[in-house]
Every structure is written in C-alpha cells, then in structure tokens.
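Subject: Structure handover

Hello,

Here is the structure I promised to pass on. Please open it next to this email and follow along. My notes come after it.

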Amino acid sequence: MADITTNILHEDDIDSLGVNYQFLKKLELSNSAFRSWYYTNPHRLGYEKIKALKIIFIGQTGYGKSSLINKLIKKDIFETSDYEACTKTLQSAVYFLHHKRKHENVAYHLSFVDLPGIGENDQADEKYLQWYKGYIKEAAVIVYLFRADKRDHTQDEFFFNNVFDKNKSKQLICVISQADKIEPINRALNLSNNQKKNLLKKESEIRNQSFLNFDKTDIIHLSTHLDINIMELENKIISKIKDIT
Ligand SMILES: Nc1nc2c(ncn2[C@@H]2O[C@H](COP(=O)(O)OP(=O)(O)O)[C@@H](O)[C@H]2O)c(=O)[nH]1
Ligand SMILES: [Mg+2]
C-alpha cells in the first residue's frame, strides 16, 4: 500500500491567522469538530495527543492546492510545483487554539491539510482508499479542487462516486482553481468579460455533473495568481466551520 506520512510544515498560534478565526478560541473543547490526530513522531513540545479541526484540500497534482493554502495562511510554506513525488505525503500547517491543556499533553489546533488527489494507481488500492475515506470523515471542511482549464472528470467521478462520503456534502466546497487559465487566455491582471462568461459556464457544467448531485453544491472560482476570490473562500470555510460547531 502507499506509504502515508504526515509532515507538519508549520506551527503557529491561531492569532497569527487574523481576526476571522478568533471565534475558534471560544469553542468548547468537547466539540465534535475536533478529531484526534496522532503524530507519527513525538511532538517536540511534549504533546501526546492532538485534537484537530481539519480543513482538507483535495485535488490532483498541479491543480493548485499548495498555492491556495499558502494564500489562505498568508505564508509561503507549501512547496508549489508541477511535479509531485509518488509517496503519499500529507502536508499540514497547524494553528494552536489552546495551550492551556499543556499539562495533560493534549493540544488543540486548526489544521490545513494538503491531500493528494486519488490517482488512477490508487483506485485499486483498497487499504489506501479506506484510509482516505476515514480521513474525509474526520474533516470539518473539505475543499475539492477542479481546474479552470481541465475538462476530464474521470478522476473526479471516481472520487465522488467511490470515496467521498455523501453525508459530508454540506461541508464540501468545490473550487475551480486557476481561473486565469480559462479561455480566452490573456496576460492581463484581471479576468476579461469573456473569461468571466466561460467561468460561469464551467461552474454550471461542474454543477450538472451527475457525480455532484448533492442538494446545493457550493462552488467558487478563484485564482491565486490574480488574487481572485481568496477572501470569499476564506469566508465560506469559516461559515462551514460555524455550521458544525
Ligand atoms: N496561472 C495560475 N497558475 C497557478 C495558480 N495556482 C497555482 N498555479 C501554478 O500551478 C502549478 C501547480 O500549483 P501547486 O500549488 O503546486 O499545485 P498542487 O500540486 O495541487 O499543490 C504551480 O506552478 C503554480 O504556480 C493560479 O491561480 N493561476
Ligand atoms: Mg502541492
């Protein structure tokens, strides 16, 4: 089975994310949005158990997950490239909510996790799929990336039909990433009217896919390069967290 390792790239206090996330500090620690997370290695601050509220980002290599998380956390922590190694490495950035429980060796945090998409090679790997499903079950918010300039939905279809938990559809946000790459491409610093039109078309094309037949799918297009709709996505993420806490 694929080797899954967890790599925490960045740790900080929740205050560093700005005022929008402050409400998290008031959450009851018994809130079911917090799920257990065990480090593969002992945590350097002595925590034996981590309770995390997880925002997970799922998408194929090159779709812009790492760039997007960097934008949301306002730090270039996740490496971005068109190439990714085959090992399944989960990368995350975590933000501590409470240090008060330190004496119990339990930490509470918000975590942004970069998950590899389900590739063709993974589809036969039952153990990996089970693990992946479990991971989705634990997530507070699932951000799933489509790409503005891609039309092939074979892997998306597999994901939503076989891996995604339909009970989680209210916690799902579909993103059309790299909106600046939609036709007709230009080098301007904002989208042309024709691009905006095509993005609307793309959005309804995705909305009408039979594998996305949920009640009301939340879809947003964005561009990390042109800084389009990043704040809007943050607001959507926060309102999804508020819905379940
Ligand atoms: N034009 C454009 N390129 C982007 C955008 N977001 C990411 N990229 C580029 O797409 C490539 C893959 O991005 P990355 O974040 O590494 O994708 P990941 O593999 O899903 O993590 C990188 O070369 C990024 O610079 C975007 O909004 N617009
Ligand atoms: Mg990446």
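How many of the 11 residues of strand β3 (residues 49-59) are buried? The count is 10, so β3 is mostly covered, where buried means that 20 or more other C-beta atoms lie within 10 Å of a residue's own. Please keep in mind that this is a predicted model.

**Strand β3 and its partners**

β3 has several pairings. Strand β2 (residues 35-37) runs antiparallel to β3, with 3 bridges between them. Here R35 sits opposite A52 of β3.

Strand β5 (residues 106-116) pairs with β3 in the parallel sense, over 11 bridges. Look for L53 there: its bridge partner in β5 is L110.

Strand β6 (residues 141-147) is parallel to β3 too, over 4 bridges. In that pairing, I56 stands opposite I142 of β6.

**The nonpolar cores**

Which residues have the most contacts inside the largest nonpolar core? They are I56, F57, V141, V143 and V175, in a core of 50 residues. Two or more residues each come from β3, α1, β4 (88-98), β5, β6, β7 (172-177) and α5 (230-244). β3 gives the largest share, with 7 residues.

I56 is a good residue to click on. Leaving out residues up to four places away in sequence, I56 touches V113, L115, Y135, A139, I142 and V143. I142 therefore turns up twice: as a contact of I56, and opposite I56 in the strand pairing, where pairing needs at least two bridges.

There is also a second core, separate from the one above, with 6 residues. Among them are I118, Y132, F159 and F164.

**The overall fold**

The protein has 5 helices and 8 strands. Starting at the N terminus, the order is β-β-β-α-β-β-α-β-α-β-α-β-α.

Its C-alpha trace spans about 60 × 40 × 35 Å along the principal axes. The radius of gyration is 18 Å. That agrees with the value near 18 Å for a compact globule of 245 residues.

Buried residues account for 35% of the 245. Now take the contacts between residues at least 6 apart in sequence: 72% of them join residues at least 24 apart.

**Around ligand 1**

Which residues are closest to ligand 1? They are G64, K65, S66, S67 and T80, out of 19 residues that surround the ligand. Helix α1 (residues 65-73) supplies the largest share of this shell, 3 residues. By type, the shell holds 1 nonpolar, 13 polar and 5 charged residues. Helix α1 also gives two or more residues to the 50-residue core.

**Backbone points to check**

Most residues other than glycine have a negative phi, and most peptide bonds are trans. Three places here depart from that.

- The peptide bond from E183 to P184 is cis, with omega near -10°. P184 is in the loop between β7 and α4.
- K74 has a positive phi, near 55°, and is not a glycine. The residue is in the loop between α1 and β4. K74 counts as exposed, because its C-beta neighbours inside 10 Å number 11.
- N229 has a positive phi as well, near 65°, and is not a glycine either. The loop between β8 (218-221) and α5 holds this residue.

Is N229 buried, exposed or partly exposed? N229 counts as partly exposed, because 18 C-beta neighbours lie inside 10 Å.

**One exposed helix residue**

N194 is in helix α4 (residues 193-207). N194 is exposed, with 12 other C-beta atoms within 10 Å. The cut-off for exposed is 12 or fewer, so N194 meets it. Its C-alpha atom is separated from that of E11 by 41 Å. Along the chain, N194 and E11 are 183 residues apart.

**Where to start**

I would begin with β3, which is mostly covered and gives the largest share of the main core. Then go to I56 and its contacts, V113 and L115 among them. After that, turn to ligand 1 and the residues closest to it, including K65 and T80. Finish with the cis bond from E183 to P184.

Best wishes

Note on methods: Residues numbered from 1 in each chain as written. Chains lettered and ligands numbered in written order. Predicted model: local features only at pLDDT ≥ 70, side-chain atom pairs only at ≥ 80, totals over all residues. Near = placed C-beta within 6 Å. Nonpolar A, V, L, I, M, F, W, Y, C, P; charged D, E, K, R; others polar. Rg over C-alpha atoms; globule rule 2.2 N^0.38 Å. Contact = placed C-beta atoms within 7 Å. Core = buried A, V, L, I, M, F, W, Y, C linked by C-beta atoms within 7 Å.
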